[in-house]
Amino acid sequence: MALTWPAVKDPNIVKDYSLDWSDLLGSSDTITSSTWTIADGSGLTIDSSSNTTTATTVWLSAGTDVTNYSLLNRVVTAGGRTYDQTVRLKVRAK
């Protein structure tokens with residue numbers, strides 16, 4: 001099931017968006033790597049990404065006005081698990 005970030009992104013700003021994986025990981029596992037991809041559409045740009053042991057962050061710029069994007073975040077854990085989460089983001093000029 002896809003999540004939706006509550007904030008609407010303006011195409012003219014660069015902004016960071018995060019996911020907290022701690023509930024899924026529990027107390028015994030940690031994130032070792034995170035990869036973000038734009039699942040559909042063009043125009044939105046991934047500028048950079050990072051992760052901690054329990055959360056992931058992606059920095060986004062651009063985007064086409066009045067477009068909804070889906071981003072896929074794949075994490076690999078120290079315990080050898082791979083998890084995917086799709087997140088929807090609305091882009092609207094303010």
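In this predicted model, the charged end of Lys-15 sits over the ring of Tyr-17, at 4.9 Å from the ring centre. The ring of Tyr-17 also takes part in an aromatic cluster, in which ring pairs link it with Trp-5 and Trp-36. The number of aromatic pairs comes to 3. One of them, between Trp-5 and Tyr-17, is tilted, with 4.9 Å from centre to centre and 40° between the planes. Because Trp-5 lies in the loop between β1 and β2 while Tyr-17 belongs to strand β2, this pair ties together parts that are 12 residues apart in sequence. Both partners are buried: Trp-5 has a relative accessibility of 10%, and Tyr-17 has one of 3%.

Trp-5 is also a member of the largest nonpolar core, which comprises 16 residues. Together with Leu-60, Leu-71 and Leu-89, Trp-5 ranks among the residues with the most contacts inside this core. At least two core residues are supplied by each of the strands β2 (15-20), β3 (31-38), β5 (55-62), β6 (67-77) and β7 (82-91). In soluble globular proteins, nonpolar side chains tend to be buried together. The surroundings of Leu-71 illustrate the packing. When neighbours within four places in sequence are left aside, the contacts of Leu-71 include Trp-5, Trp-36, Leu-44, Leu-60, Val-87 and Leu-89. Thr-37, Gln-85 and Thr-86 are also among the residues in contact with Leu-71.

The strands are arranged in sheets, described here in turn. An open sheet of 4 strands follows the order β1-β7-β6-β3, and its pairing is mixed. In this sheet β1 (3-4) and β3 occupy the edges; each has a single partner strand, so one side of each is left without a neighbour in the sheet. Strands β6 and β7 run antiparallel and are joined by 10 bridges. Within this pairing, Asn-73 stands opposite Gln-85 of β7.

Another open sheet consists of 3 strands in the order β2-β5-β4, with antiparallel pairing. Its edges are formed by β2 and β4, each of which has a single partner strand, so one side of each is left without a neighbour in the sheet. On average, neighbouring strands of this sheet are turned by 25° against each other, direction ignored. Strand β4, spanning residues 44-51, pairs with β5 over 7 bridges in the antiparallel sense. These two strands are joined by a hairpin through 3 residues. Along the pairing, Ile-46 stands opposite Leu-60 of β5, and Ser-49 has Val-58 as its bridge partner in β5. Leu-60 thus recurs as one of the core residues with the most contacts.

Two residues are notable for their backbone conformation. Most residues other than glycine have a negative phi. Ala-62, although not a glycine, has a positive phi of about 65°. Ala-62 is found in strand β5 and counts as partly exposed because its relative accessibility is 27%. Val-66 likewise is a residue other than glycine with a positive phi, near 60°. The position of Val-66 is in the loop between β5 and β6, and at 60% relative accessibility Val-66 counts as exposed.

How values were computed
Residues numbered from 1 in each chain as written. Predicted model: local features only at pLDDT ≥ 70, side-chain atom pairs only at ≥ 80, totals over all residues. Heavy atoms only, no water. Core = buried A, V, L, I, M, F, W, Y, C linked by side-chain atoms within 4.5 Å. Buried < 20%, exposed > 50% of the residue type's maximum accessible area, 1.4 Å probe, protein only. Contact = heavy atoms within 4.5 Å. Pairing = 2+ DSSP bridges. Axes fitted to C-alpha atoms, helices over the stretch in contact; angles between N-to-C directions. Phe/Tyr/Trp six-rings, centres within 6.5 Å; stacked < 30°, edge-to-face > 60°. Lys NZ or Arg CZ within 6 Å of the ring centre and 35° of its normal.
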